[in-house]
Amino acid sequence: MFSFADLEIPLVGAPMAGGPSTPQLAAVVSNAGGLGMLAAGYLNADQLAEQVKQTRELTDGPFGVNLFCPADPNDNPGNAKALLQGYRQALAPLGKQYGLDLLNYELVLPDHFHSLLDWLLANPVPVVTFTFGCPSAEQIERLQMVSTYVGVTVTNPQNAILATQADANFLCVQGPDAGGHQSTFRVQDEVNQLPLSQLVPAVQAVTNLPLIAGGGVGSNQDVQSILALGVEAVQVGTVLLLSDEAGTSQAHRDALQSGITETRLTRAFTGRPARAIVNDFVTEFDALAPAVYPHAHYLTAPLRAKAKDAGAWQHINAWTGTGFCQAHNSPTIKIIFNLLKPS
Ligand SMILES: Cc1cc2nc3c(=O)[nH]c(=O)nc-3n(C[C@H](O)[C@H](O)[C@H](O)COP(=O)(O)O)c2cc1C
């Protein structure tokens with residue numbers, strides 16, 4: 001089974017769903033001696049199969065797949081329907097600009113979690129991580145039975161205890177500076193405010209599991225200070241977003257290079273807290289967004305897709321960690337080299 005001790009470099013390329021993660025990106029990280037990750041959060045089993053196949057063609061090294069745990073429907077507030085209706089009304093004028101009728105748009109909520117899990121049981125990969133919750137002890141054990149090393153992404157000590165009790169092999173500790181969604185277990189949970197430097201010791205106090213950690217990493221100094229906390233590896237996402245091998249959309253790349261320097265945790269795009277560039281969409285809708293997931297995600301999805309196609313970065317979810325000023329257009333291998341080279 002996989003072990004972090006086998007890695008030649010203590011780096012994990014974060015799973016980044018929605019485009020940035022590609023087999024090419026995962027393979028460069030794995031070929032460099034780290035752990036590359038595929039992001040299956042929005043994929044179906046056929047799409048995952050294709051990405052795994054491509055990754056295997058590009059690397060003999062270990063790699064992992066990240067899944068999103070489905071939201072518990074009871075997790076959403078009792079008045080979720082009314083909240084969503086209000087959000088439809090707020091979004092409607094912008095939707096209209098893109099030729100969309102969001103007031104009458106029919107929400108379809110795909111659920112591929114179980115078919116993805118079945119596929120991974122039948123076609124094992126070295127590592128699987130979970131985000132937005134903890135799978136059951138039985139689901140974890142079934143993956144371990146096919147020699148998959150299982151991680152759970154946690155953002156606070158309470159969730160670290162739950163994942164430890166479910167017998168995960170390791171935890172991925174995500175700090176509040178991380179780009180993209182916070183892996184809170186429940187949609188309504190408040191985001192942890194402890195910086196990673198305090199969060200990791202707080203998690204170490206409640207579990208003996210091996211940890212990896214990330215959030216806000218842009219430099220070698222960041223990597224060194226997280227490793228000094230006693231974790232096995234550092235997970236980096238944002239700093240890879242502009243790399244040649246990332247599938248980051250042009251609109252997302254433009255947002256990162258727009259000169260905007262502010263990021264914020266917002267529920268505006270999906271109903272779950274996620275760190276993004278503060279563009280016009282965030283400014284206008286952050287205060288109006290309901291904590292209703294995944295409904296809010298699928299309500300804004302057509303608008304974001306149209307905006308992305310139009311290159312309108314002011315209206316897309318440009319997920320970004322606080323270290324994004326240190327992301328550069330460059331081959332991934334060079335970024336990895338710089339992260340590991342003392343300056
Ligand atoms: C564009 C983007 C997409 C992300 N998608 C996922 C995902 O699918 N699954 C996941 O566990 N984390 C996801 N994350 C969070 C990363 O796993 C990781 O926590 C984060 O990138 C680390 O912080 P950093 O971005 O500041 O390096 C995403 C992050 C970004 C920037």
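**Sheets, helix packing and selected loop residues**

Strands S10 and S11 (residues 274–277) run antiparallel and are joined by four bridges. Helices (H or I, at least four residues) and strands (E, at least two) are DSSP runs, numbered from the N terminus, and two strands pair if DSSP finds at least two bridges between them. The structure is a predicted model, in which local features need pLDDT of at least 70, side-chain atom pairs count only at pLDDT 80 or more, and totals for chains, interfaces and linings use all residues. Residues are numbered from 1 along each chain as its sequence is written.

Within the pair formed by S10 and S11, threonine 266 has alanine 274 of S11 as its bridge partner. Both strands belong to an open sheet of three strands with antiparallel pairing, in the order S7-S11-S10. Strand S7 (180–181) and strand S10 (263–266) are the edge strands of this sheet, and each pairs on one side only.

A second open sheet contains eight strands with parallel pairing, in the order S1-S9-S8-S6-S5-S4-S3-S2. Strand S1 (11–13) and strand S2 (36–39) each have a single partner strand and stand at the edges, so one side of each is left without a neighbour in the sheet. From one strand to the next, the twist averages 25 degrees; axes are lines fitted to C-alpha atoms, for helices over the stretch in contact, and angles run from 0 to 180 degrees between N-to-C directions.

At one edge of the eight-stranded sheet, S1 is paired in parallel with S9 over three bridges, and leucine 11 has valine 234 of S9 as its bridge partner. Three bridges also join S9 to strand S8 (residues 211–214), again in the parallel sense; here glycine 214 is the bridge partner of glutamine 235 in S9. At the other edge, S2 pairs with strand S3 (residues 63–68) in the parallel sense over four bridges, with glycine 64 of S3 as the partner of methionine 37.

Strand S9 (residues 233–236) directs Ala233 and Gln235 one way and Val234 and Val236 the other way, and all are buried. A residue is buried if 20 or more other C-beta atoms lie within 10 Å of its own, exposed if 12 or fewer, and partly exposed in between, with C-beta atoms placed from the backbone. Val234 is also one of the residues that touch the most other members of the largest nonpolar core, together with Leu171, Val173, Leu211, Ile212 and Ala213; this core has 100 residues. Helix H1 (residues 23–31) supplies the largest share of the core, five residues. A nonpolar core is a set of buried Ala, Val, Leu, Ile, Met, Phe, Trp, Tyr and Cys residues joined through C-beta atoms within 7 Å. Not counting residues up to four places away in sequence, valine 234 touches, among others, Pro10, Leu11, Ile212, Ala213 and Val217; two residues are in contact if their C-beta atoms, placed from the backbone, lie within 7 Å.

H1 packs against helix H2 (residues 45–58) at an angle of about 35 degrees, and their axes are 9 Å apart. Pro23, Gln24, Ala26 and Ala27 of H1 meet Gln51, Gln54, Thr55 and Leu58 of H2. This contact of H1 with H2 comprises four nonpolar, four polar and no charged residues. Ala, Val, Leu, Ile, Met, Phe, Trp, Tyr, Cys and Pro count as nonpolar, Asp, Glu, Lys and Arg as charged, and the others, Gly among them, as polar. H2 also crosses helix H4 (residues 113–122) at roughly 35 degrees, and the axes come within 9 Å. The H2 side of this contact consists of Ala45, Leu48 and Ala49, and the H4 side of Ser115, Leu116 and Trp119. By class, the contact of H2 with H4 has five nonpolar, one polar and no charged residues.

Several individual residues were also examined. Tyrosine 293 and proline 294 are joined by a cis peptide bond with omega of about 5 degrees, and proline 294 lies in the loop between helix H10 (280–285) and H11. Proline 302 is found within helix H11 (residues 295–309) and is partly exposed, with 16 other C-beta atoms within 10 Å. Leaving aside neighbours within four places in sequence, proline 302 is in contact with Leu100 and Tyr105.

Serine 147, in the loop between helix H5 (137–145) and strand S5 (149–154), has a positive phi near 70 degrees. Serine 147 counts as exposed, with 11 C-beta neighbours inside 10 Å. Aspartate 167 likewise has a positive phi near 70 degrees and is located in the loop between helix H6 (157–165) and strand S6 (170–174). With 13 C-beta neighbours inside 10 Å, aspartate 167 counts as partly exposed.
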